[in-house]
Amino acid sequence: MDINLEDVLLKLIKSIDLFQKMSDQEAIEIAKISTLNYYPKWTKIILQWKKPKALYILWKGKLNVFKREDNVDIKLGDIQEGEIFGEMSYLRDIEAMAWVSCSQQCDIWEIPLKNIVYSEIIEKAYETMSERDKENQEIFEKYKLYKFLI
């Protein structure tokens, strides 16, 4: 039985919601320029105040997101399988405002930033960024109130 590498790549990449609307050819092109990397538990994928070199998609596992402020790590949330991250730094062309680490072993797709030209990816990145901005604002308002009351 012959195994076609493009068929395997296509099946892997199309298992992620973000890529399901893409043509097979576009999805294969993304898979060819991307890497799927394994990270053990506790590995930091994105460091706060450092600029990521990729847009990331969590394929397997779970990630935690924290922001360090006033020497306190504030948990902003979790990243679940199929979600993108690193989008805020990419879209705003700034250093990361938070750090992301593996809460368990993870498999993560990394798309080099210089290769992100597909409208589906950019649209999803904007949508995700907007949702996370709202969630983060709520968390920081609670943190400021807590800090004020102490």
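In this predicted model, the lining of the largest pocket draws at least two residues from each of H2, S4, S5, strand S6 (84-85), H4 and H5. H5 provides the largest share of this lining, 11 residues. In total, 33 residues line the pocket, and those nearest its centre are Ile84, Phe85, Glu87, Thr128 and Arg132. By residue class, the lining comprises 14 charged, 13 nonpolar and six polar residues. The volume of this largest pocket is about 750 Å³.

Two of the strands that contribute to the lining, S4 and S5, belong to an open sheet of four strands with antiparallel pairing, ordered S2-S7-S4-S5. Strand S2 (44-46) and strand S5 (72-79) each have a single partner strand and stand at the edges, so one side of each lacks a neighbour in the sheet. Neighbouring strands of the sheet are turned against each other by 35° on average, direction ignored. The antiparallel pairing of strand S4 (residues 63-69) with S5 extends over seven bridges. Within this part of the model, Glu69 has Val72 of S5 as its bridge partner.

S6, which also supplies residues to the pocket lining, is part of another open sheet, in which four strands follow the order S1-S8-S3-S6 and pair in the antiparallel sense. Strand S1 (35-39) and S6 are the edge strands here, each pairing on one side only. Two bridges connect S3 and S6 in an antiparallel arrangement. Tyr56 is placed opposite Phe85 of S6, and Phe85 is also among the residues nearest the centre of the largest pocket.

In soluble globular proteins, nonpolar side chains tend to be buried together. The largest nonpolar core of the model consists of 22 residues, and the most contacts inside this core are made by Ile13, Ile16, Leu18, Phe19, Ile30, Ile57 and Ile121. At least two core residues come from each of helix H1 (5-14), helix H2 (17-20), helix H3 (24-33), strand S3 (54-60), helix H4 (87-92), strand S8 (106-112) and helix H5 (119-149). The greatest contribution is that of H3, with four residues. A second core, separate from the largest one, contains 20 residues, including Tyr39, Ala54, Tyr56 and Ile108. Tyr56 thus appears both in this second core and opposite Phe85 in the sheet. H2, H4 and H5 each supply at least two residues to the largest core and at least two to the lining of the largest pocket.

Conventions. Residues are numbered from 1 along each chain as its sequence is written. This is a predicted model: local features need pLDDT of at least 70, side-chain atom pairs count only at pLDDT 80 or more; totals for chains, interfaces and linings use all residues. Side-chain values use heavy atoms; hydrogens and water are left out. Two strands pair if DSSP finds at least two bridges between them. Axes are lines fitted to C-alpha atoms, for helices over the stretch in contact, and angles run from 0 to 180 degrees between N-to-C directions. A nonpolar core is a set of buried Ala, Val, Leu, Ile, Met, Phe, Trp, Tyr and Cys residues joined through side-chain atoms within 4.5 Å. Buried means under 20% relative accessible area, exposed over 50%, partly exposed in between (1.4 Å probe, protein chains only). On a 1 Å grid over the protein atoms alone, a cavity is a set of points where a 1.4 Å probe fits but cannot get out, and a pocket is an open set with protein on both sides within 12 Å along at least five of seven lines; lining residues have an atom within 4 Å of a point. Grid points are joined across faces, edges and corners, and a volume is the space filled by probe spheres set on the points. Ala, Val, Leu, Ile, Met, Phe, Trp, Tyr, Cys and Pro count as nonpolar, Asp, Glu, Lys and Arg as charged, and the others, Gly among them, as polar.
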